[in-house]
Amino acid sequence: AGDSSGKSTKPALKKSVSSKYRTQSVMFFDFGAGSATATIARIAVDAKTGAATAVKVLGHAWERDIGGRALDEVIIDRLASDFDEQRGSQATPSRQLPRVMMRLRKEAQRVREILSANTETQVAVPSLYDDTDLRTIVKRDLFESGASGILARSVRPARAVLKRSGLSIDDIDAVVPFGGASRTPKFQELLCSALGRPALNKSINSDEAAVMGSA
């Protein structure tokens, strides 16, 4: 399409299809265990009931190998280093002890979840190796500093999906976060900054939505 000057013109998004239906353009951002993905969908909503009657995907973008597991590795490195320091330089490094790493991996996930709501947490793993306990404190700001590169990459799909869909952020009615890693405060801050939005739409329970969608 074009105007008399030959320049292409882009029709404005219609917020209302009729008095019975209205449309919304929503960005769903899934920051899960192993990847970060952004999808923009145009949803037709019944004006009376609020129920979605039709969904059209306008764009999709992703960043591989970025997610909760990558964030956990940052915490694992910190816990392993602290444990090695407690045991002394002559001890076998934690990274060479599979059982120790298995327990640290489980503890790291718990620590990350706690840091989503608290600025620091105490870690106590009894008899982690050779009757030696791991006792340390992990602070959110140090975790965010160590994970800065991962978190910076995690929001790239948000910009990419806008470009692929041909939309601007002003066309987006809501940004809905999904996935366990999306609860990370620094990620939410970076995503809001990247999209120039004051807040995300957290009214949807992503765990329940995933289960209902699978069903």
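**View 1. Lining of the largest pocket.** Sixteen residues, written here as 16, line the largest pocket, and those nearest its centre are Val26, Phe28, Ile43, Ala52 and Ile204. Two or more lining residues come from each of strand S1 (21-31), strand S2 (35-46), strand S3 (52-64) and strand S6 (174-178), and S1 gives the most, with 4 residues. The space in this pocket is about 370 Å³, and its lining has 11 nonpolar, 4 polar and 1 charged residues. The model is predicted, so local features need pLDDT of at least 70 and side-chain atom pairs pLDDT 80 or more, while totals for chains, interfaces and linings use all residues. Residues are numbered from 1 along each chain as its sequence is written, and side-chain values use heavy atoms, without hydrogens and water.**View 2. Lining of the second largest pocket.** A pocket is an open set of points on a 1 Å grid over the protein atoms alone, where a 1.4 Å probe fits, with protein on both sides within 12 Å along at least five of seven lines, and lining residues have an atom within 4 Å of a point. The second largest pocket has a volume of about 170 Å³, the space filled by probe spheres set on the points. Its lining includes Gly32, Arg69, Asp72, Arg112, Glu113 and Arg183, and divides into 2 nonpolar, 5 polar and 5 charged residues, with Gly counted as polar and Asp, Glu, Lys and Arg as charged. Helix H1 (68-87) and helix H2 (98-115) each supply at least two of these residues; helices (H or I, at least four residues) and strands (E, at least two) are DSSP runs.

**View 3. The hairpin of S2 and S3.** These strands pair in the antiparallel sense over 11 bridges, where pairing requires at least two DSSP bridges. Val45 stands opposite Ala52 in S3, and Gly50 takes a positive phi near 80° in this hairpin, which has 5 residues between the strands.
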